[in-house]
Amino acid sequence: MRKYTQEEIITQVVTHAPEPVPSWNLQKVNTPWGWLGHSADRMARKMAEQGKLHKTYVGRYVHYSLPKVVKQIPMFRESA
């Protein structure tokens, strides 16, 4: 069995969660993919800055989810 990076574990936790994951649920927790230590919330923040996660605020707390992929439709079609 291979070891997952902290970033991969966070992605798995957020992917399998039915709703956005609060930042405190990413600290000091054993997951099926491996252990997340006390700095996992910092890694999640960095991933959000890179666009790998989406963050929303619920009150004063940050919740993480996967970013929604938006397919852009062209307004004008080029005529041939």
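**Packing of helix α2 and the antiparallel sheet**

The buried residues of helix α2 pack against α1 (6-16) and against three strands, namely β3 (34-36), β4 (54-58) and β5 (61-65). The model examined here is a predicted one, and the description that follows begins with α2, turns to the helix pair and ends with the sheet.

Helix α2 spans residues 40-49, and within this stretch A40, D41, A44, M47 and A48 are buried. These residues lie on the same side of α2, because they cover an arc of only 115° around the axis. Such an arrangement can be read against the geometry of helices in general: an α-helix has 3.6 residues a turn, so residues three or four places apart point the same way. Beyond the helix, α2 is followed by G51, a residue whose phi is positive, near 85°.

The packing of α2 against its partner helix can be described in further detail. Helices α1 and α2 pack at an angle of about 80°, and their axes are 10 Å apart. Since an angle of 65 to 115 degrees counts as roughly perpendicular, α1 is therefore roughly perpendicular to α2. On the side of α1, the contact involves Q6, E7, I10 and T11, which meet A40, M43, A44 and M47 in α2. When sorted by class, the residues of this contact comprise 5 nonpolar, 2 polar and 1 charged. A40, A44 and M47, which take part in the contact with α1, are also among the buried residues of α2.

The strands β4 and β5, against which the buried residues of α2 pack, belong to an open sheet of 3 strands in the order β1-β5-β4, in which the pairing is antiparallel. The edge strands of this sheet are β1 and β4, each of which pairs on one side only. Strand β5 is mostly covered, with 4 of its 5 residues buried.

On one side of the sheet, strand β1 (residues 21-22) runs antiparallel to β5 and is joined to it by 2 bridges, with P22 having H63 in β5 as its bridge partner. Strands β4 and β5 likewise run antiparallel and are joined by 5 bridges; H54 has S65 in β5 as its bridge partner, while V58 stands opposite Y61 in β5. These two strands, β4 and β5, form a hairpin with 2 residues between them, and G59 in the turn has a positive phi of about 70°.

Technical notes
Residues numbered from 1 in each chain as written. Predicted model: local features only at pLDDT ≥ 70, side-chain atom pairs only at ≥ 80, totals over all residues. Heavy atoms only, no water. Buried < 20%, exposed > 50% of the residue type's maximum accessible area, 1.4 Å probe, protein only. Arc of directions from axis to C-beta. Contact = heavy atoms within 4.5 Å. Axes fitted to C-alpha atoms, helices over the stretch in contact; angles between N-to-C directions. Parallel < 35°, antiparallel > 145°, perpendicular 65-115°, else oblique. Nonpolar A, V, L, I, M, F, W, Y, C, P; charged D, E, K, R; others polar. Pairing = 2+ DSSP bridges.
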